[in-house]
Amino acid sequence: MSKLASDTAMVLAAGMGKRMRPLTATQPKPMVRVAGKPLVDHALDKLAEAGVGRAVVNVHYLADSLEAHLQGRTAPQVIFSDEREQLLETGGGIVKAEGQLPDPFFCLNSDNIWLDGPVNAFADLSTFWDADKMDALLLLVTHKAAHNFNGKGDFHMDANGLLRRRASGRIAPYIFTGIQLISKRLMRDAPEGAFSTNVLWTRAMEEDRLYGMAFTGQWFEVGTPQAIKPTEEALSVGSHQG
């Protein structure tokens with residue numbers, strides 16, 4: 001197995017899950033089941049399969065039930081970053097957990113479901129990673145490989161992997177999967193409190209240090225209750241082919 005760039009991942013699991021209502025009225029979104037398994041376990045199982053040993057999971061909404069569910073997990077070992085007092089969004093959540101994270105570290109959303117291609121997502125990112133050039137490396141998919149997704153895309157990518165954002169009203173070929181590899185350089189002089197990682201990406205982009213790579217697998221957006229059934233059907237097909 002190729003060496004991973006990091007042994008630790010930050011799993012973003014603190015959000016309110018408003019788009020997933022009514023399923024999130026009584027449980028946090030990472031606990032919503034898809035194919036018989038909570039979303040957060042899909043993400044953590046992928047980390048374990050890839051050989052990532054530690055996961056820092058941030059918690060806010062209905063934090064007790066998420067902590068209780070993950071308490072006994074050993075692969076990966078789970079450490080919590082407690083945001084009960086204030087929800088910090090993606091960027092603020094990463095900054096709060098910085099002391100628990102090595103440099104670099106993987107970061108992923110807790111509601112990500114994907115089927116790996118020939119190489120798993122974390123090995124893929126590790127192979128392409130260049131700490132001298134990159135503040136963050138984002139795993140991207142084309143529209144064809146993005147299931148349940150009907151947005152306009154997020155990024156354009158040049159031949160070297162450098163990213164620029166989709167212009168307003170236009171379509172971009174690549175969609176961010178929610179999976180990335182981050183250098184601590186990205187987090188320098190970060191804003192206080194709650195903010196989006198987009199703030200840090202924008203600066204990295206201006207410095208030509210925000211990179212992307214195209215994922216070889218299939219990715220599923222599971223943002224709403226309606227997305228669950230088609231995802232389960234695709235997973236059952238995928239597991240029979242795998």
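What volume does the second largest pocket have? About 170 Å³. Keep in mind that this is a predicted model.

I'll stay with that pocket for a moment. Its lining consists of Ala-35, Lys-37, His-42, Asp-45, Lys-46, Glu-49, Asn-112, Ile-113, Trp-114, Leu-115 and Leu-235. Sorted by class, that gives five nonpolar, two polar and four charged residues. Two elements, α1 (39-50) and β7 (112-115), each put at least two residues into the lining of the second largest pocket.

β7 also belongs to a sheet, so to speak of it properly we need its neighbours. The sheet is open, has three strands in the order β7-β14-β9, and its pairing is mixed. At its edges are β7 and β9 (146-147), each of which pairs on one side only. β7 and β14 run antiparallel, with four bridges between them. One residue to look at is Asn-112, which lines the second largest pocket and has Glu-221 of β14 as its bridge partner.

β14 takes us to the other site. The largest pocket holds about 1100 Å³ of space. β14 (218-221) supplies at least two residues of its lining, and so does each of α3 (89-96), β12 (174-182) and α5 (197-206). Which element gives the largest share? That is β12, with five residues.

In total, 39 residues line the largest pocket. Leu-12, Lys-29, Thr-90, Asn-109 and Asp-111 are the ones that lie nearest its centre. By class, the lining of the largest pocket splits into 16 nonpolar, 14 polar and nine charged residues.

Technical notes. Residues numbered from 1 in each chain as written. Predicted model: local features only at pLDDT ≥ 70, side-chain atom pairs only at ≥ 80, totals over all residues. Heavy atoms only, no water. 1 Å grid on protein atoms, 1.4 Å probe; cavity = no way out; pocket = protein on both sides within 12 Å on 5 of 7 lines; lining within 4 Å. Points joined across faces, edges and corners; volume = space filled by probe spheres on them. Nonpolar A, V, L, I, M, F, W, Y, C, P; charged D, E, K, R; others polar. Pairing = 2+ DSSP bridges.
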